[in-house]
Amino acid sequence: MPEGDTVWHTAAVLRKHLCGQTLTRCDIRVPQFATVDLTGHVVDEVLSRGKHLFIRVGQASIHSHLKMDGSWRVGNRPARVDHRARIILEANDIGAVGIDLAVLEVLDREHDGQAVAHLGPDLLGPDWNAELAAANLTAQPDRPLAQALLDQRVLAGVGNVYCNELCFIAGHLPTAPVSAVANPRRLVARARDMLWANRFRWNRCTTGDTRPGQQLWVYGRAGQACRRCGARIVVDDTGQRIAYWCPSCQR
């Protein structure tokens, strides 16, 4: 499940292989932009903003969002592609394929920031501002905590995995109001710490124990014993987002 750390890591991989390279192939398989051909232009920058990714080529900016199932695959060409491919970029022997991208568009490079202007402080970005993030979080005190954490306008980068883990760390149910959080500044700092610690790996860890099966507190652990108190982790999959919590540790 791509979250802010996954997108940051993806951008780092693309940057390593593509930056400074001249595109030898540009095949965009989205009808609106199918005629755009950036072959012959140099890839100048690859950057992430929350869950959004930008590849800046010449005067254009390729903007993508992974949503639930999207990914970028990078390696020696010929890259293996199928009907799920939305874009294929090649630079001599390097191929980058965007798979199942929920958003793929080509923007004017000078104005690509408008696509993410609505986002709150980026947890992994140079604009990270904990005070502003805390203020955004508490702006609607009656709002359910999980809903607020998942709102990218509050802070950019938290997905459902981190949302569940942060609610556990805070000791509150996902449905608890934001006003129940005694120290919002500390909570957003923990959010940043979690994503920062995982930015270089694909398998995220929030417990500090990277052994298989030990990485997470509650997410994906329905019916298993809480790592703190031993109570059975509860799951609710009836809403738009699946929620996990410990009925003893979270109130």
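**Exercise 1. Cys226**

Is Cys226 buried or exposed? Give its place in the chain and its contacts as well.

Solution. The model is predicted.
- Step 1: Cys226 lies in the loop between α5 and β9 (234-236).
- Step 2: its relative accessible area is 5%. Buried means under 20% relative accessible area, so Cys226 is buried.
- Step 3: leaving aside neighbours within four places in sequence, Cys226 is in contact with Phe168, Arg221, Ala231, Ile233, Cys246 and Cys249.
- Step 4: as a distance check, take Ser179, which is 47 residues from Cys226 in sequence. The two C-alpha atoms are 25 Å apart in space.

**Exercise 2. The sheet**

Find the strand order of the open sheet that has 4 strands, and name its edge strands.

Solution.
- Step 1: the order is β2-β3-β4-β8, and the pairing is antiparallel.
- Step 2: β2 (43-49) and β8 (103-108) each pair on one side only, and they are the edge strands.
- Step 3: from one strand to the next, the twist averages 20 degrees.
- Step 4: helix α1 (residues 4-18) packs on this sheet and touches β2 and β3. The direction of α1 makes about 175 degrees with that of β2.

**Exercise 3. Bridges and a hairpin**

How many bridges join β2 to β3, and how many join β3 to β4? Identify a bridge partner in each pair.

Solution.
- Step 1: β2 and β3 run antiparallel and are joined by 6 bridges. In β3, Leu53 is the bridge partner of Ser48.
- Step 2: β3 (residues 52-57) and β4 (residues 60-65) are likewise antiparallel, with 6 bridges between them. Here Arg56 has Ser61 of β4 as its bridge partner.
- Step 3: the hairpin of β2 and β3 has 2 residues between the strands. In this hairpin Gly50 takes a positive phi near 65 degrees.

**Exercise 4. Leu47**

Which residues does Leu47 touch, not counting residues up to four places away in sequence? Classify its accessibility too.

Solution.
- Step 1: Leu47 is in strand β2.
- Step 2: it touches Ala11, Arg15, His52, Leu53, Phe54 and Arg56.
- Step 3: the relative accessibility of Leu47 is 24%, so this residue counts as partly exposed.
- Step 4: Pro247 is 200 residues from Leu47 along the chain, and their C-alpha atoms are separated by 40 Å.

**Exercise 5. Two nonpolar cores**

Which elements give two or more residues to the largest nonpolar core?

Solution.
- Step 1: this core has 38 residues. Those with the most contacts inside it are Leu137, Leu149, Leu155, Val158 and Val188.
- Step 2: the contributing elements are α2 (130-137), α3 (145-150), α4 (160-170) and α5 (184-197). The most comes from α4, with 7 residues.
- Step 3: consider Leu155 on its own. Apart from neighbours within four places in sequence, Leu155 is in contact with Gly120, Pro121, Leu123, Trp128, Ala133, Leu149, Val188 and Ala191.
- Step 4: a second, separate core has 27 residues, including Val7, Val30, Ala60 and Ile94.

**Exercise 6. Helices α2 and α5**

Describe the packing of α2 against α5, including the residues that make the contact.

Solution.
- Step 1: two packed helices are described by the angle between their axes and the distance between the axes. For α2 and α5 the angle is about 115 degrees and the axes are 9 Å apart.
- Step 2: the crossing of α2 and α5 is right-handed.
- Step 3: α2 contributes Ala130, Glu131, Ala133, Ala134 and Leu137 to the contact, and α5 contributes Pro184, Arg185, Leu187 and Val188.
- Step 4: sorted by class, the contact has 7 nonpolar, no polar and 2 charged residues.

**Exercise 7. Positive phi outside glycine**

Place Lys67 and Asp100 in the chain, and give the phi of each.

Solution.
- Step 1: most residues other than glycine have a negative phi.
- Step 2: Lys67 has a positive phi, near 50 degrees. This lysine is found in the loop between β4 and β5 (71-76). Its relative accessible area is 47%, so Lys67 is partly exposed.
- Step 3: Asp100 also has a positive phi, of about 50 degrees, although it is not a glycine. Its place is in the loop between β7 (94-99) and β8. Asp100 is partly exposed because its relative accessible area is 24%.

Note on methods
Residues numbered from 1 in each chain as written. Predicted model: local features only at pLDDT ≥ 70, side-chain atom pairs only at ≥ 80, totals over all residues. Heavy atoms only, no water. Pairing = 2+ DSSP bridges. Axes fitted to C-alpha atoms, helices over the stretch in contact; angles between N-to-C directions. Contact = heavy atoms within 4.5 Å. Core = buried A, V, L, I, M, F, W, Y, C linked by side-chain atoms within 4.5 Å. Buried < 20%, exposed > 50% of the residue type's maximum accessible area, 1.4 Å probe, protein only. Left-handed = near helix turned anticlockwise from the far one by under 90°. Nonpolar A, V, L, I, M, F, W, Y, C, P; charged D, E, K, R; others polar.
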